[in-house]
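Subject: Structure for you to look at

Dear colleague,

I am handing over the structure we spoke about, and I would be glad if you could look through it with the notes below beside you.

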Amino acid sequence: MQKDAENLAADYSTYDICIVGAGVAGASLAAYLGNHGIQVALIERDLSEPKKIIGELLQPGGVLELEEMGLVSVLEGIDAQPIYGYALINKGVQLRIPYPEKAGKSLLGRGFRYGRFIQSLRKAAAGNPTVTMIEGRVKEFVEDVREKRVTGVRYVPKEGNQERVVRAFLTVVCDGCVSSLRNRLCNSEKKISGYFLGLLLEDCPLPYPNHGHVFLGNDSPFLSYPVSSRHTRILIDFPGRMPKLKGDAFREYLLDHVGRQLPEKMLPSFAAAVEKQNYQAMPNTIMHAKPATVPGAVLLGDSLNMRHPLTGGGMTVALTDVRALGNLLLEIEDFSQQAKVAQAIHSYYGYRHKVNATINILASALYGVFTQPDLNEACFAYLSRGGKYAAGPIALLSGISRDIRLLIRHFSAVAWYGAIRAIKPLPTPAKLSRAYCILKQAIHIIDPLLLAEYPTIGTRMALRLARIVFP
Ligand SMILES: Cc1cc2nc3c(=O)[nH]c(=O)nc-3n(C[C@H](O)[C@H](O)[C@H](O)COP(=O)(O)OP(=O)(O)OC[C@H]3O[C@@H](n4cnc5c(N)ncnc54)[C@H](O)[C@@H]3O)c2cc1C
C-alpha cells in the first residue's frame, strides 16, 4: 500500500518503520525491508546527490553484506572500480597485499564516488512500492509520554516550512556522524582525532592500479584509491586541529610536504588538484557504541558508532548493522507487538557489538601503529614477510574475518616483532630500553580500544597485568 505523506499526522500506525536519513545505512535498510514488503517511510533532508569525500572504498566484507541482502546490483551503473587489495608504500618501498579468496575466487572491494553510490541505494529503496521517500529535515522524536515510547518523528519538509509528523512502530535513526537525534538514544562520547583532507585527482596512475594505497613513514599516513574510471581520491591526515585550507602557505605545504612523498607519476594530477583547490576536509571522529534502550527507537550506522576512517571500515559496519537489524525485523509479523520489536533491538545491539569490534579496534589500532615510527617500521617489516603474516591482517582489514583473537594475535606479534628487531643483533641497555618502549606504546594503543570494544573478564585481567609492567 503506497502511503501519502500529506495525511500522516493523526494516523498512528501508518508505517511499520520510519527511517531517518537516506545515507549508506538508511537507504540500504529501506531497500532491504521494502523488498520484503515492510511499510517504510524514509526521510532525508536532501535527496540531491551528495558531494562528500566520505565512504568511497567499500571493503569486500561490505560487498558481501550487499550480496547477502540481495542489493549488490546497486554497485552497477555507478562507474565503481574493482579493488583487488592494498599497497603499502613506506618511504618509497612498495608492498602489495591482495584481498583474501573465498572458494578459490578473489574477493573484491569497490571504489566509487559516495554520491553516486548513495543515489543508487536511494533508487533501489524508492523503486519499491512499500517505501515512501520524504524530503525533509527531521527535528525531533514524537513520544508517547505515558508509555515513555518513541512513536515517530517531527520534520520540516524541504518544500514549505510547516512541520509534519510521521508515525511508526519503530523509528530507525540513521542520520550519520552529526546526528541530532542520537543524544536521546545513547551515552556515547565523540572524539575527533584529526581531519582528513580529500583531494580528487584526474587521470592519476597509481603504483598498483585498482588497489587501496597507504603511504607511510611520514608524520601521519595518507591514503589513495580509485573512485571512478577517471578519478582517484587522496585523503591526507592532519592530526589534531583542522588545517587552514586557503592561502599560499597551505598550497606550498601540500606541494612540498605531501607531493614529495608521492611517486613521480602521480605528481602532475596531484599538482593540478592542488592548483584547482579541489579539496574538502572532514573530521575523523571516533565514537564507541553505548546505546541506551528507548522503546520504539534504535540507532544504526555512524549515528551509533564511528571509527577512524583509515581502514575504510565505516560502510562495512553500517551494512553489517543493516543486515543484522533487518533480519531480526523481518522475523516480526506484526510490528504493533512492541515486546517483539524491543527484543529485536536488544538482540541487534548485542550481536552487532561483537561482529564489528574487530573493524572498530583495527581502525584506531592501525592508526596508532602508523603514527609511531618504531611500530610503523615493525608493522611494515612484519607484513613484508608475506604468507600468514599478511593474510591474517588483510582478512581483518577487508572485513572478511571478524575474529577478535586473530586481531589480538597479530597486533601482539607486530609489537614483539618490533621489540625483538630493536635488540638485534646483540642487546644493549639502550636497545632493551627501546624494545620496552615499543611494547609500552603498543599496550597504550590497544588498551583503551579493547576496554571499550571487548571488555571481557579475560581482557580486563590481561590488560591490568600489562599496565603493571608497562605503566
Ligand atoms: C573522511 C572520511 C572518509 C571515509 N571513507 C570511508 C571509506 O572509504 N570507506 C568506508 O567504508 N567508510 C568510510 N568512511 C565512513 C563512512 O562514510 C560512514 O561510516 C558511512 O557513510 C555511515 O553511513 P550512515 O548512513 O550512518 O551516514 P551517512 O552516509 O553520513 O548518511 C547520513 C544521512 O542522514 C541525513 N540526515 C542527517 N540529519 C538528518 C535529519 N535531521 N533529517 C533527515 N536526514 C538527515 C544526511 O543528509 C545523510 O544523507 C569515511 C568517513 C570519513 C569521515
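What follows concerns the ligand and its surroundings, and then one of the pockets.

Please keep in mind while reading that this is a predicted model. The ligand is surrounded by 33 residues, of which Glu44, Leu57, Tyr114, Asp302 and Met315 come nearest. Three contacts with the protein backbone can be picked out: an oxygen atom of the ligand is 3.1 Å from a polar backbone atom of valine 24, an oxygen atom of the ligand lies 2.8 Å from a backbone N or O atom of alanine 25, and a nitrogen atom of the ligand is 3.0 Å from a polar backbone atom of valine 138. Of the 1,000 Å² that the ligand exposes when taken alone, the protein buries 94%.

Among the elements that give two or more residues to this shell are α1 (24-35), β2 (40-44) and α3 (114-126), while the largest share, three residues, comes from β10. By class, the shell holds 16 nonpolar, ten polar and seven charged residues. Because domain 1 (5-49 + 60-68 + 114-188 + 288-355) and domain 2 (191-286) both give residues to the shell, the ligand lies between them.

Turning to the second largest pocket, its space comes to about 440 Å³, and of the 15 residues that line it, Lys191, Ile286, His288, Ser364 and Leu449 are the closest to its centre. Two or more lining residues come from each of β13 (191-202), α7 (338-370) and α11 (429-453), with α11 giving the most, four residues. The lining of this pocket divides into six nonpolar, six polar and three charged residues.

With best regards

How values were computed. Residues numbered from 1 in each chain as written. Predicted model: local features only at pLDDT ≥ 70, side-chain atom pairs only at ≥ 80, totals over all residues. Heavy atoms only, no water. Near = heavy atom within 4 Å. Polar contact = N/O pair within 3.5 Å; in protein donor to acceptor, adjacent residues only side chain to side chain. Areas by Shrake-Rupley, 256 points an atom, 1.4 Å probe, with all protein chains shown as cover. Nonpolar A, V, L, I, M, F, W, Y, C, P; charged D, E, K, R; others polar. Domains from an automatic or database assignment. 1 Å grid on protein atoms, 1.4 Å probe; cavity = no way out; pocket = protein on both sides within 12 Å on 5 of 7 lines; lining within 4 Å. Points joined across faces, edges and corners; volume = space filled by probe spheres on them.
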